[in-house]
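Please look through the structure shown here before reading on. The paragraphs after it go from the whole model down to single residues.

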Amino acid sequence: MNTTHHRRRTTGAALAGALVLLLAATGCSSKADDGDGGGDKSAGAADGVRTGPGIGAESIRLGALTDLTGPYATLGKSIVQAQQMWADEVNADGGICDRRIEIVVKDHGYDVQKAVTAYADLAPDVVAMPQVIGSPVVAALLDDIERDEMLTFPQAWAASLLGKEAIQVLGTTYDVDMIAAVDFLTRTKGLKKGDTIGHVYFEGDYGSNALEGSTWAAEQAGLKVAGQKIQATDTDLSAQVSALSKEGVKAVLISAGPAQTASLVGVAASRGLRVPVVSSAPGYAPQLMETPAAPALAAMLHVVSAAPAVSSELPGVRRMVASYKKEFPDSPVDSGVLSGYNAAQLMGADLKAACEAGGLSREDVLKAHRAQKNADTGLGTAQNFSDVDRPASVETYVLKPDAKAVGNVVNVEDAHTAPGVEEYLSGR
Amino acid sequence: MTVFLDNVLGGIALGAVYALVALGFVVIFKASGVLNFAHGSLLLFGGYLTAVLHDDLGFAGALALAVLTTAALAGALDRFLLQRGGQDAHSAHVQTIVTIGIDIVLLTDLSRRIGGDLLSLGDPWGDAVTDLGPVTVADSRLAAIVVSAVVIGGVFALFRFTSWGLSLRAAAEDLEAASLMGVRLGRVRAGAWCLAGALAALAAVFLAAFPAPGLERSTGLIALNAFPAAILGGLASPTGALAGSLLIGLTEALVVGYQSELHVLGEGFGDVAPYAVMLLVLLVRPTGLFGAKGAARV
């Protein structure tokens, strides 16, 4: 009896101790919020600019929720480095609104729970987020981001993220890219009415959105789609390839990860199924050209993407790639570098416009962002952010692997709007 | 018909690789009564070593070193961590939980090292294929079948004809009696763990070889499909593990290969199929295909 009492008392004491610690911890962090990066919402700074969270007298703080230790670590590292390079360049140039840019990076390792905690920690101190990796992460934070009016550029392109005031999908969505892919196949690879195309796709937002686009476009072109749903853990696609060859497919679309693309193309080539394969942008990474599937990839694969190849001749891209290589000589230049840098530049343009309009509060930044009808960073196509329900761009590039080029990829077709895209968007 | 043969051959190759993993599960379970949840990480560990060493040592050298190191690691984990917990059925349960901890630690570190990379293991088969009549099959797959058959044959011989094998079987039958007969349980156990580690490292090569694009952080997860194989085979029966692995490999290949015909079952059924088969088998034979019949007294 005594022991139980005693034990209970200890538990109580431990609980009380934990509570004190917790209070102390939160107390500390709220104190930190009042520091340089904090500042009250809609309060004015000395220079007359309206400020808000993340805006100090001499600094603008941006946040990044990234993956530096999980499955997208390579991508995360590229984006973080590219955006830091952008911040350094802007700061060397005198900053924005006479303030230095600081990017606060939080790693969530592709764990939604960690990401939610990281967001709660980060949100009071930053004005906007030029990087959030992971569709499930964005999905979990949707309501918080909307409530906080935190302008956010997710590194995810599912159409389900459209229609949110504070969330901006940059470039095209997966469905629009797949419509362009089907158009590319019928236009250049001789697919005709009655043919079957395969579509191998991840379960989840990414795959299902891509499938929506391919199914619609195929119907318009009189093609049949044979779908094969896979998971991120499927890396040997032999069985999928046999199923597709049994269907007699004339081409294959794939909306999965780089590992799946390599397996699909490698196996198809070895089985004599030498048909054109078109991948969504996340399905390709430069590292693939070091796998045994490299020759088959070079011969059969194309990639549809809202962004041009990093080896593209666009002056903006060349300049960016040259400085990135100088700054990070040991890091590969992949599409993450380009999309990260592009997102940072677009964010910079929003901040500049908001400053000129007299305020840097979240509301001001969001308003400035939605007023951009023709945002062009010189890193690809111009984007229109004024309609929240529409993708910011509907123009798609067609790329192709090339082991000799920077980033192991080259442009095949310049940005163009595939026929039918407007009709598709108005019917959605 | 070609498609069918394609799928069957693919299924046998997959089953052969699963058998290497499942045999590891079974050997460990027989010797120590522990279900090794860290098996996937051990496999990834072996694969990772082969991947980072093959540039310097060549494929054969790297593989040999990886197999030995993984065997040593598995043996050491058992000798210095698990065996401290004791040798009876109750502590085996505790040790099973401990393997989950080991798995988390190993996997976290390996994931950190591998990151988003696809590592090539430098195997000699590359993307070469062989035509067998109407069927085209990757050389790495044929190699998987041949190597697995030889290695598994060797392991069975080990069970049958060596004193270690005899001790292992004795220990699996009755720990106390075996111990009284002079079987050194600690050594037999550690030996079993070493063997399982070596088999896992070998399996990693074939899981990462050609039809798959290379070793990645999730390769260890694929190995968990060998888990239903071991269970439906009867968990304590090496022959059962072999049969179970082939059954699971074939099921997976056929279900995915005929996905469009099996549309009623919903898409992505291939991932569930191994477990569905396991449940079906256990419904009919609760102790598994080759499991020991429980002594039931009335």
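The text below takes up confidence, the two chains, their contact, and then some helices and residues.

This is a predicted model. Its scores are an ipTM of 0.73 and a pTM of 0.80. For chain B the mean pLDDT is 87, and 96% of the residues reach at least 70. Confidence within chain B is lowest in strand 2, where the mean is 81. It is highest in helix 2 of chain B (residues 39-82), at 94.

Chain A comes next. It contains 13 helices and 11 strands. Of its 428 residues, 56% are buried. When contacts in chain A between residues at least 6 apart in sequence are considered, 69% of them join residues at least 24 apart.

How is chain A divided into domains? The domain assignment gives domain 1, made of 59-172 + 313-393, and domain 2, made of 174-305 + 397-427. Taken over C-alpha atoms, the centres of domain 1 and domain 2 of chain A are 27 Å apart. Where the two domains of chain A touch, 15 residues of domain 1 are in contact with 16 residues of domain 2. The side belonging to domain 1 of chain A holds 7 nonpolar, 6 polar and 2 charged residues.

The two chains also touch each other. The contact involves 37 residues from chain A and 35 residues from chain B. On the side of chain B, the elements that give two or more residues are helix 1 (2-32), strand 2 (135-138), helix 8 (219-222) and helix 10 (238-257). Helix 1 of chain B provides the largest share of that side, 4 residues. Sorted by class, the side of chain B that touches chain A has 13 nonpolar, 14 polar and 8 charged residues.

A single residue of chain A shows the two chains meeting. A:Ser263 is part of helix 8 of chain A, residues 258-270. Is A:Ser263 buried or exposed? It counts as buried because 28 C-beta neighbours lie inside 10 Å, and the cut-off for buried is 20 or more. Leaving aside residues up to four places away in sequence, A:Ser263 touches A:Thr235, A:Asp236 and A:Leu237 in chain A, and B:Pro211, B:Ala212 and B:Pro213 in chain B. The C-alpha atoms of A:Ser263 and A:Thr291 are separated by 9.7 Å, with their positions 28 residues apart along the chain.

Helix 4 of chain A can be followed from its length to its end. It runs over residues 135-148, and at 1.5 Å a residue its 14 residues should span 20 Å; the C-alpha atoms at its ends are 19 Å apart, so the two values agree. Helix 4 of chain A nevertheless has a bend of about 55° at A:Leu141. A:Leu141 is also one of the buried residues of this helix, together with A:Ser135, A:Val137, A:Val138 and A:Ile145. What covers the buried residues of helix 4 of chain A? The cover includes strand 1 (59-66), helix 3 (112-122), strand 3 (128-133), strand 4 (151-155) and helix 6 (205-221) of chain A.

After helix 4 of chain A comes A:Glu149, which is in the loop between helix 4 and strand 4 of chain A. A:Glu149 is not a glycine, yet its phi is positive, about 50°. With 20 C-beta neighbours inside 10 Å, A:Glu149 counts as buried. A:Cys97 is another residue other than glycine with a positive phi, near 60°. It is located in the loop between helix 2 (73-92) and strand 2 (100-107) of chain A. A:Cys97 is partly exposed because 19 other C-beta atoms lie within 10 Å of its own.

Chain B offers a helix to set beside helix 4 of chain A. The 20 residues of helix 10 of chain B should span 28 Å at 1.5 Å a residue, and its end C-alpha atoms are 28 Å apart, which agrees. Helix 10 of chain B is mostly covered, with 18 of its 20 residues buried.

The last residue is B:Ala149, in helix 4 of chain B, residues 139-161. It counts as partly exposed because it has 13 C-beta neighbours inside 10 Å. The C-alpha atom of B:Ala149 is 27 Å from that of B:Val272, a residue 123 places away along the chain.

Key
Residues are numbered from 1 along each chain as its sequence is written. Chains are lettered from A and ligands numbered from 1 in the order in which they are written. This is a predicted model: local features need pLDDT of at least 70, side-chain atom pairs count only at pLDDT 80 or more; totals for chains, interfaces and linings use all residues. The expected span of a helix is 1.5 Å times one less than its number of residues. The bend at a residue is the angle between axes fitted to the seven residues ending there and the seven starting there. A residue is buried if 20 or more other C-beta atoms lie within 10 Å of its own, exposed if 12 or fewer, and partly exposed in between; C-beta atoms are placed from the backbone. Two residues are in contact if their C-beta atoms, placed from the backbone, lie within 7 Å. Domain bounds come from an automatic or database domain assignment. Ala, Val, Leu, Ile, Met, Phe, Trp, Tyr, Cys and Pro count as nonpolar, Asp, Glu, Lys and Arg as charged, and the others, Gly among them, as polar. pLDDT is the predictor's confidence in each residue, from 0 to 100.
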